[in-house]
Amino acid sequence: MFARLAVNIPAISGIFDYVIPTELVEKIQAGCLVTAPFGNQIVQGIVIELTDSSTIQNPKSILDLLDPAPLLTAPQIALALQLADSTLNPLAAIVGLMIPTGLSQQADISYELRITNHELPDSKVATRIINLLKERGALRGRQIDSHFAKVDWRKTANSLVKKGILSAKNVLPPPRVRPKHIRVAQLAVSPEEAQIAMESLGSTSQTQARRESALRFLIKQPDAINLSWIYAETGCNLADLQELEERGLIRLFENEIFRDSLATKQVDKQTSTQVINLTPEQNFALEKITNYQLQNSFLLYGVTGSGKTEIYLRAAQETIKRGKQVIILVPEIALTPQLVHRFLSRFPGQVGLVHSKLSEGERYDTWRRARDGKINVIIGARSALFSPLKNIGLIVVDECHDSSYYQREPPFYNAVTTAQEYAKLCNAICVLGSATPTVEQRFQFENSLKSQVAGQVLSLPNRVTDSDLPPIEVIDMRAELKNGNRGIFSRALTESLAEVISRKEQAILFLNRRGTATYIFCRDCGTTLKCPNCETPLTLHVTGQKSQVSDLRCHRCNYTRQKPKTCANCGSNQIREYGLGSERVEQEVKALFPQARTLRWDWDTTRTKDAHEIILTHFANHQADVLIGTQMLAKGLDLPLVTLVGIVLADVGLNLPDPYAHEKVFQTLTQVAGRAGRSARGGKVIMQSFTPENYAIQFASQHDVNGFYERELKYRKELGYPPFAKLARLEYRDVDNAKAESEAHKLANKLKSKIEAEALHQTELIGPVPCFFAKDNGIYRWQIVLRSPNPVSFLRDIKINDWRIEIEPINIL
């Protein structure tokens, strides 16, 4: 018997044949995690399929089975194969997405110092390696990486190995995660026997009292109890419990416990029992979803506040009644606590969360509970899609337009399209929900026969509350400047803020920028302070209660420095700030309205665990009057007291050299505007702009999603961009800009030759050119964009080493 493995080396494509040892033939099945030799190293691998024969002569043998239960289900294996093929990612990299962090381990090299009494070499890198190994002992390559940021130390290490100074051997680290156990105690005799033994438990009165207290406590407990709890309740210690065990009165043993991130979450009983009457539009959509015939994919296109979440809940309820399981994808779990709480209330004890802020142990235990069928609903960001549920009946992608569903680092994939394909493999329903679906998503569903997608659009054109969509007033900031207003806020926004605060209501101020100033420059010579690693302008951040400490920060690589007193180019002391960020907006609100309580919700204020939920809870409980934030405010928030949304600068992003720029601005503005007037109080939106005539701003100001779609579709067709063509983005990175440029031109010539040789008139190249962000964290970036009816087919047989390949990217910056 043979097994075909995807080995855990992300850069390796394909699958490899191995012999299954006789003792493992009955145990190994598709989806199992094993160890096997690969070259001169031992690696982990996932069994993709079993076969009776192999075309390979004398294949190597599998060494060990790491887990008797399969890690991957049959639909997951099918999805991995399909996704690797459609995205040109290595199969091993896709499989790696489905294995919990900490369980999957890659082969490494362990370095150890062999000679200690040698002269230190001239090389600084070699000296650092030797001193590090002297101090720490043997280290694996990935451990050494953390001490050598941006330094290629491996060539030097290999040289030291050849000289006999270091030794190196291949190792496979053990998994970092395993089931968690705690020590517990339980009564081993009947309560009557324990009462009889009470009289002589210790030689002193203190010892007698402690042991008697412990025994009385355990008599009252029907189940095994954590030792820590017993210590806290009775004052006894381990020696006391061990003595009681020796006397045969109690049992001491270990129990496995699950690390549950939801253990501390309180369920709102009122929410779980509240009866919600559906609107006719909601009832129609729910009936279509739960009684699907031909379609298995639906686009739930509803305005903000139209009740999409209630449809998700009802559809999930029906799916679970049918004995199946549910996956709910959200853009970012920390930004959607209201949706999470509603699911917890509706399905207590049946929900698991999957997101990046969980510990490895919490993620591992949630994964195991999903695999064992102990969870019916998984909620999380894009990685939750790969949870090993065995009988999936419904996959929901909430806010399906959101860019966070696209993985921006290898392996590249789009969780929205992947969810649609996975639902087909599971014979499940897939529901995409949004008030602002992307042009491609809407076009795909409205032309489902041409796009070979069995899908249907379900519309929710009205809000479920008595309120309508809020009116939007667009303020031309050019006119404000002409009238002498040089402040951040227009007169209309300032007056509206004053009214809201006086009525004890709430306002949201949105600005798609962090920091205090957008960039810092010398007023005399014009030099702009840039990040040395990325060559992007540094942003000013002010810290401290009295705004006396200033630092400059790069928002791409997090490089920081102090604000200089003089210009490095001309020596002038005329260093000035320009632009505005969320910190500056907060300062302005405090200056205009000292009595107003403000909260800032951006990346800088939400770095710690649970920070998102704390800020949102404070605001929802009216512990602040004005919430100032960045794109986080565009997520699905329902805040009834918010009657004013002020969009401080609507133009941000419009002029980026990206064909999707206008769409992203329109989506953000529409979503943010939808936070206002979600109760009977009503509300309004004030949108400030220096280019109010731009069509994205015009359509957003009228809540005209259909108008924008038609205008943008026409623009895309004229320029030949998706959905009328498909794109592939190829990027080369190197610390040497000349090498990056040279490699880009070499590949471009290779691709042009193929296009000419095969007479592919509908296939063309854009580039090679430097990326918009040409330097990122010290690395130069060059790109080629391929436009073709089928870029995957075109690129599949071309060997492209060291290039990052994105199929259907969400931007070309």
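## Two residues with positive phi

N427 is exposed, having a relative accessible area of 54%, and because exposed means over 50% relative accessible area, the residue falls on that side of the cut-off. The structure described here is a predicted model, and in it N427 lies in the loop between α15 and β17, the strand of residues 429-434. The backbone of N427 also deserves attention, since its phi is near 55°, which is a positive value in a residue other than glycine. Most residues other than glycine have a negative phi.

D802 can be described in a similar way, for its phi is near 65° and is likewise positive in a residue other than glycine. The loop that holds D802 runs between α25 (791-795) and β33 (803-807). With a relative accessible area of 64%, D802 is exposed.

## Two cis peptide bonds

Most peptide bonds are trans. In this model, however, P410 and P411 are joined by a cis peptide bond, for which omega is about -5°. P411 has its place in the loop between strand β16 (392-398) and helix α15 (415-426).

A cis peptide bond also joins P722 and P723, here with an omega of about 15°. P723 is found in the loop that lies between helix α23, made of residues 705-719, and strand β30, made of residues 726-734.

## A nonpolar patch on the surface

Which residues make the nonpolar surface patch of about 220 Å²? The patch is made by M1, V25 and L50. Of these, V25 is found in the loop between β2 (16-19) and β3 (33-38).

V25 has a relative accessibility of 31% and therefore counts as partly exposed, because that class covers the values between the buried limit of under 20% and the exposed limit of over 50%.

## The packing of two helices

Two packed helices are described by the angle between their axes and the distance between the axes. Helix α7, which spans residues 205-219, packs against helix α8, which spans residues 227-234, at an angle of about 120°, and their axes are 10 Å apart. That angle makes α7 oblique to α8, because angles from 65 to 115 degrees count as roughly perpendicular and those over 145 as roughly antiparallel, which leaves this pair in the oblique class.

The handedness of the contact completes the description of the pair, as α7 passes α8 in a right-handed crossing.

Definitions and conventions: Residues are numbered from 1 along each chain as its sequence is written. This is a predicted model: local features need pLDDT of at least 70, side-chain atom pairs count only at pLDDT 80 or more; totals for chains, interfaces and linings use all residues. Side-chain values use heavy atoms; hydrogens and water are left out. Patches are made of residues with over 30% relative accessible area and no salt bridge: like charges are joined within 9 Å, nonpolar side chains (Val, Leu, Ile, Met, Phe, Trp, Tyr) within 5 Å. Accessible areas come from the Shrake-Rupley method with a 1.4 Å probe; for residues, only the protein chains shown count as cover. A salt bridge is a side-chain nitrogen of Lys or Arg within 4 Å of a carboxyl oxygen of Asp or Glu. Helices (H or I, at least four residues) and strands (E, at least two) are DSSP runs, numbered from the N terminus. Buried means under 20% relative accessible area, exposed over 50%, partly exposed in between (1.4 Å probe, protein chains only). Axes are lines fitted to C-alpha atoms, for helices over the stretch in contact, and angles run from 0 to 180 degrees between N-to-C directions. Angles under 35 degrees count as roughly parallel, over 145 as roughly antiparallel, 65 to 115 as roughly perpendicular and the rest as oblique. A crossing is left-handed if the near helix is turned anticlockwise from the far one by less than a right angle, and right-handed if clockwise.
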